Amino acid sequence: MAKGSGLGLAVTARIIEAMKGRIWARPAVPKGLCICIWLPTKQALAQGMETGKVETV
């Protein structure tokens, strides 16, 4: 098993959130962890700037 401080995931989360994205984790079958990342398209960000809200799918 890999050992670390966990700082990489925290930094990654801050960057993704600053880009108006989302990051989450879920269990992987049969074992492990899946890190999921969603980032908005350029068009979604442009629309969000106009309306003040970024839509997610």
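These are my notebook entries on a predicted model of a single chain.

**Entry 1: confidence**

I began with pLDDT, since the model is predicted. The chain averages 82, and 82% of the residues score at least 70. I then went through the elements. Strand β1, residues 22-27, has the highest confidence in the chain, at a mean of 93. Helix α2, residues 42-51, has the lowest, at a mean of 74.

**Entry 2: elements**

I listed the secondary structure next. The chain holds two helices and two strands. Read from the N terminus, the order is α-β-β-α. Helix α1 covers 7-18 and strand β2 covers 33-38.

**Entry 3: burial and contacts**

I looked up the totals for the chain. Of its 57 residues, 14% are buried. About 5100 Å² of the chain is exposed, and 62% of that area comes from carbon and sulfur atoms. For contacts I took pairs at least 6 apart in sequence; 12% of these join residues at least 24 apart.

**Entry 4: the hairpin**

How do β1 and β2 run relative to each other, parallel or antiparallel? They run antiparallel, and six bridges join them. I noted two facing pairs across the strands. A25 stands opposite I35 of β2, and R26 stands opposite C34 of β2. The two strands form a hairpin, with five residues between them.

I also checked the backbone of the turn. G32 sits there with a positive phi of about 115 degrees. P30 is in the loop between β1 and β2 as well. The peptide bond joining V29 and P30 is cis, with omega at about 10 degrees. I record this bond because most peptide bonds are trans.

**Entry 5: K20**

I looked for a positive phi outside glycine. K20 has one, near 65 degrees. I kept the entry because most residues other than glycine have a negative phi. K20 is placed in the loop between α1 and β1. Its relative accessibility is 49%, so K20 counts as partly exposed, just as the range between 20% and 50% requires.

**Entry 6: W38**

Is W38 buried or exposed? W38 is part of strand β2. Its relative accessible area is 18%, and the cut-off for burial is under 20%, so W38 is buried. I also took the distance to W24, which is 14 residues away along the chain. The C-alpha atoms of W38 and W24 are separated by 8.9 Å.

**Entry 7: the nonpolar patch**

I searched the surface for nonpolar side chains that group together. A patch is formed by L7, L9, V11, I15, M19, L33, I35, I37 and L39. Together these residues have about 840 Å² of accessible area. Which elements each supply at least two residues of the patch? They are α1 and β2. The largest share, four residues, comes from α1.

I35 appears in two of my entries: it is a member of the patch, and it is the residue opposite A25.

I looked at one patch member in more detail. L7 is found in helix α1. The relative accessible area of L7 is 55%, which is over the 50% cut-off, so L7 counts as exposed.

Terms used: Residues are numbered from 1 along each chain as its sequence is written. This is a predicted model: local features need pLDDT of at least 70, side-chain atom pairs count only at pLDDT 80 or more; totals for chains, interfaces and linings use all residues. Side-chain values use heavy atoms; hydrogens and water are left out. Buried means under 20% relative accessible area, exposed over 50%, partly exposed in between (1.4 Å probe, protein chains only). Contact means heavy atoms within 4.5 Å. Accessible areas come from the Shrake-Rupley method with a 1.4 Å probe; for residues, only the protein chains shown count as cover. Patches are made of residues with over 30% relative accessible area and no salt bridge: like charges are joined within 9 Å, nonpolar side chains (Val, Leu, Ile, Met, Phe, Trp, Tyr) within 5 Å. A salt bridge is a side-chain nitrogen of Lys or Arg within 4 Å of a carboxyl oxygen of Asp or Glu. pLDDT is the predictor's confidence in each residue, from 0 to 100. Two strands pair if DSSP finds at least two bridges between them.
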